[in-house]
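Let's take a walk through a protein model together, one piece at a time. Have the picture open while you read.

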Amino acid sequence: MFRTLAKATAAIAVVCTAAGAGLALDEGQAGAATPTAGAATRTAASAGAAFTGSDFTGTRKIRVDGHSVNVSCAGRAHRGRPLVMLMAGGGEGLDNMAALQKSLSRTNRVCSYDRLGEGASDQPAAGTLQTMDDAGALLTGVLDRLAGDRPVVLAGHSLGGYIAARYAPGHTDRVKGLVLLDATIPHLTRDMNRTIPADATGVPAQVRDGAIAANEGQNPEQFLIADGPVRSAGHIPVEILKHESQYAEVPEYGPALEKMWADGQREWQRISTRSSLTTAKGSGHYIHTDRPDLALKAVQKVAHRAAHQH
């Protein structure tokens, strides 16, 4: 869930659980991770200046449709290999995936960005809801600046995975691979209402109501997480990783919630004829933190396939 929800609600992690890895990329070292809290807000130029290039290491501010967007990149671009774009969950800045970015940067050009309302990027306009169209337009602008004509692999966690999965089918000219790390499921509002009844009380009621409120835009991004069918992105390689266990704090509905989440992950498999679903053993919602080896392997696998597909 988003950080702003109650602790009991956050335990379910239907959108994004509280507390991330706390790592940020230090622009002074190629792909190096550091716990410095302010690293994600630093720029290479003077305060407030917008960066205009695409080949850099560290964090920068770029302008996209009039917004200041915080981005981070590391690693070298290799001929024929895609840019890997990491997309953090809701309530998280790009620093949450910094450790994965560091590991990937040894063999890939990899970037990440803060969506509006997250990290060091601008806030969305007050009193307005962002839709998938808005999130897609921002992602397109970021990719235009950071990827240029290079192919792209999107790797998203939780809400970041949901946005990546909704975006990819309409942009297969650019998006050549997809990794979903416990992505928010396609029909979360519908399935949450079916799984936890309206007469539930206590923690289960908080879980249901908190998830639905977040889906309706009560989250830092003011983002409407709409239910909808899974669209096809054709034959791009897709790796889907789901958590092993996440709902122990809601024992009455835990098994039903686990089934709901697993069914939703299977729905995402419809996005491609080349999709694979794996349970990350020993993992909760933060697969890239709990099982960084599996997250790294999945991204590397998709990036390799994307570079060699015809």
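## A buried glutamine

Start with Gln101, which is buried, with a relative accessible area of just 1%. You can find Gln101 in helix 2, the stretch covering residues 98–104. Keep in mind as you look that this is a predicted model.

What does the side chain of Gln101 make a polar contact with? One partner is the side chain of Ser112, at 2.7 Å. Another polar contact, of 3.1 Å, joins the side chain of Gln101 to that of Ser72.

## The sheet

Now for the strands. An open sheet is built from 8 strands, in the order 3-4-6-5-7-8-9-10, and its pairing is mixed. Which strands sit at the edges? They are strand 3 (58–64) and strand 10 (274–280), and each of these pairs on one side only. On average, neighbouring strands of this sheet are turned by 20° against each other, if you ignore direction.

Here are some of the strand pairs, each with a pair of residues that face each other across the two strands.

| Strands | Sense and bridges | Facing residues |
|---|---|---|
| Strand 3 and strand 4 (residues 67–74) | antiparallel, 7 bridges | Lys61 and Asn70 |
| Strand 5 (residues 83–87) and strand 7 | parallel, 5 bridges | Leu86 and Ala155 |
| Strand 7 and strand 8 (residues 175–181) | parallel, 6 bridges | His157 and Leu181 |
| Strand 8 and strand 9 | parallel, 4 bridges | Val179 and Glu239 |
| Strand 9 and strand 10 | parallel, 7 bridges | Leu241 and Thr278 |

## Two covered strands

Let's zoom in on strand 7, which spans residues 152–157. How many of its residues are buried? The count is 6 of 6, so strand 7 is mostly covered in the sense that 20% relative accessible area is the upper limit for buried. In a regular strand, side chains alternate between the two faces of the sheet. Look for that here: Val152, Leu154 and Gly156 point one way from strand 7, while Val153, Ala155 and His157 point the other way. Both sets are buried. Two of these residues also appear in the table: Ala155 is the bridge partner of Leu86, and His157 has Leu181 as its partner in strand 8.

Strand 9 (residues 237–243) is mostly covered too, with 7 of its 7 residues buried. Pro237, Glu239, Leu241 and His243 point one way from strand 9. Val238, Ile240 and Lys242 point the other way, and all of these residues are buried. Notice that the buried set includes the charged residues Glu239 and Lys242. Glu239 is the bridge partner of Val179, and Leu241 stands opposite Thr278 in strand 10.

## Out in the loops

Time to leave the sheet. Is Gln123 buried or exposed? Gln123 counts as exposed because its relative accessibility is 51%, and the cut-off for exposed is over 50%. Its place is in the loop between strand 6 (110–113) and helix 3 (132–146). Gln123 and Val69 are 54 residues apart along the chain, and their C-alpha atoms are separated by 9.7 Å.

Next come two residues with a backbone angle to look out for. Most residues other than glycine have a negative phi. Asp182, though not a glycine, has a positive phi of about 50°. You'll find Asp182 in the loop between strand 8 and helix 5 (188–195). Asp182 is buried, with a relative accessible area of 0%.

Gln222 is another residue that is not a glycine but has a positive phi, here of about 55°. Its loop lies between helix 6 (202–215) and strand 9.

## An empty space inside

Last stop: the gaps. Rolling a probe the size of a water molecule over the atoms shows where empty space is left. How many cavities of 30 Å³ or more are there? The count comes to 1. The largest cavity has a volume of about 50 Å³.

Which residues line the largest cavity? They are Tyr113, Arg115, Leu116, Gln130, Ala135, Leu138, Ile163, Glu221 and Phe223. By type, this lining divides into 6 nonpolar residues, 1 polar and 2 charged. Try picking out these lining residues in the 3D view, with Tyr113 and Phe223 among them.

Terms used
Residues numbered from 1 in each chain as written. Predicted model: local features only at pLDDT ≥ 70, side-chain atom pairs only at ≥ 80, totals over all residues. Heavy atoms only, no water. Buried < 20%, exposed > 50% of the residue type's maximum accessible area, 1.4 Å probe, protein only. Polar contact = N/O pair within 3.5 Å; in protein donor to acceptor, adjacent residues only side chain to side chain. 1 Å grid on protein atoms, 1.4 Å probe; cavity = no way out; pocket = protein on both sides within 12 Å on 5 of 7 lines; lining within 4 Å. Points joined across faces, edges and corners; volume = space filled by probe spheres on them. Pairing = 2+ DSSP bridges. Axes fitted to C-alpha atoms, helices over the stretch in contact; angles between N-to-C directions.
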